[in-house]
Structures are given as structure tokens and as C-alpha cells.
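Me: I'd like to go through this structure with you and check why things get the labels they do. Can we take a look?

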Amino acid sequence: MNAFYAKRRTGFIALMIVLVMLVSVFSAACNNGEQGNQGTTPKQADLAEVYGKLVESGKLPALTKVPERDLSEVYGIDKDKIKQWAFGLSENYAVNAGEVALFEVNDEAYAETLQQKLQNHLDQTKRVAKDYSDPHQSEKLDPVEVKRVGNYVYLVVGEDYSALMQILKDNIG
């Protein structure tokens, strides 16, 4: 009889350990969701400085800054919901693909909307890039993703995606 109770107690302890592990995993997943899709806490970043660091890396072609009016007229971005931004594009993507789009929104609710708008922009750019005569330029777009960390939403297209992303992670999160 004692062996029976010992086995039940061992089973009960194992079940409790599994439940504690599941609660821990669920709790961690929920906390990561609160911080954006990166799972990290964003740093306080001056996006103009971060933009400058990306350009100084030498991994980007010459970029032309996107005029403020184009935020709403071309990209459908609500300027009133943006706290700060830095956005530049290559003059001719087909010749030398490059882009930096950095945004900090005023409220986290708009971050998801902005992330979708930038994703739509990126998807369209990737569709057009399939027709580039220089396949290397369209290949630059292959690893690119729109990232969100808290109230920051960004994407970058350049020669060395990993190096550019490291600059963003070091300065934004």
C-alpha cells in the first residue's frame, strides 16, 4: 500500500512541476507580447542619431530623406501619431536598393497599425524588385522584416542586413 501512495505522490509532484513550467512559459510569452514583437524593452533613442549611425556604417547607398507630406500622402501614415521619425530611400532602388524607416509612435496602439503600413510598403517593394535587371538589388530585400520594439517600428534595407540590424538593436532594442 505504501508503494501505491509513493507512486501517486511522485506523479502528483511531476504534475505540479509541469504546471509550474507551463505557467512560467505562458507568463514569459505574455510579457514579451506587451513589449512588442521583439521581446525586448526599447531604449530611449534619438532616431536622427540612429539614422546617422546607419548611414555612417557605409552599408547604405546615398539616401534621400522622405518629405513630411509624403508620410500621409504616399504611405498613409498619420503624422499626428508619430513622436519622431527618420525615413530615407535610395534614389533608384533598381540600381542600388537602400532604405531606412525609423518611427517612434505616441501611443502603442498605433504601433501595430504603422507596422502593417510599413509591411505593405515592403511587400510592394519586394514585388517590384522581382523585375530588377540586377538580381543583387532584389536579394538585398530577402532578409528584410519590419520590426517593432515597444513604440518603435523600423525597417532597413542595405548591403549588410545583419550589421545594419545590429546597429538598430544596439540603439533601439
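Me: In what order do the elements of the chain run from the N terminus on?

Reply: They go α-α-β-α-β-β-α-α-β-β-α. Helices here are DSSP runs of H or I with at least four residues, strands are runs of E with at least two, and both are numbered from the N terminus. This is a predicted model, where local features need pLDDT of at least 70, side-chain atom pairs count only at pLDDT 80 or more, and totals for chains, interfaces and linings use all residues. Residues are numbered from 1 along each chain as its sequence is written, and side-chain values use heavy atoms, with hydrogens and water left out.

Me: What makes Glu-104 and Lys-83 a salt bridge?

Reply: A salt bridge needs a side-chain nitrogen of Lys or Arg within 4 Å of a carboxyl oxygen of Asp or Glu. Here N to O is 3.8 Å, so the pair fits the rule. Glu-104 sits in strand β3 (residues 99-105) and Lys-83 in strand β2 (residues 82-90), 21 residues apart.

Me: Why is Glu-104 called buried, and why is Lys-83 called exposed?

Reply: Buried means under 20% relative accessible area, exposed over 50%, partly exposed in between (1.4 Å probe, protein chains only). Glu-104 has 6%, so it's buried. Lys-83 has 53%, so it's exposed.

Me: And what about Glu-159 and Lys-140, how do you know that they form a salt bridge?

Reply: Their closest N and O atoms are 3.3 Å apart. Glu-159, at 44%, is partly exposed, while Lys-140, at 5%, is buried.
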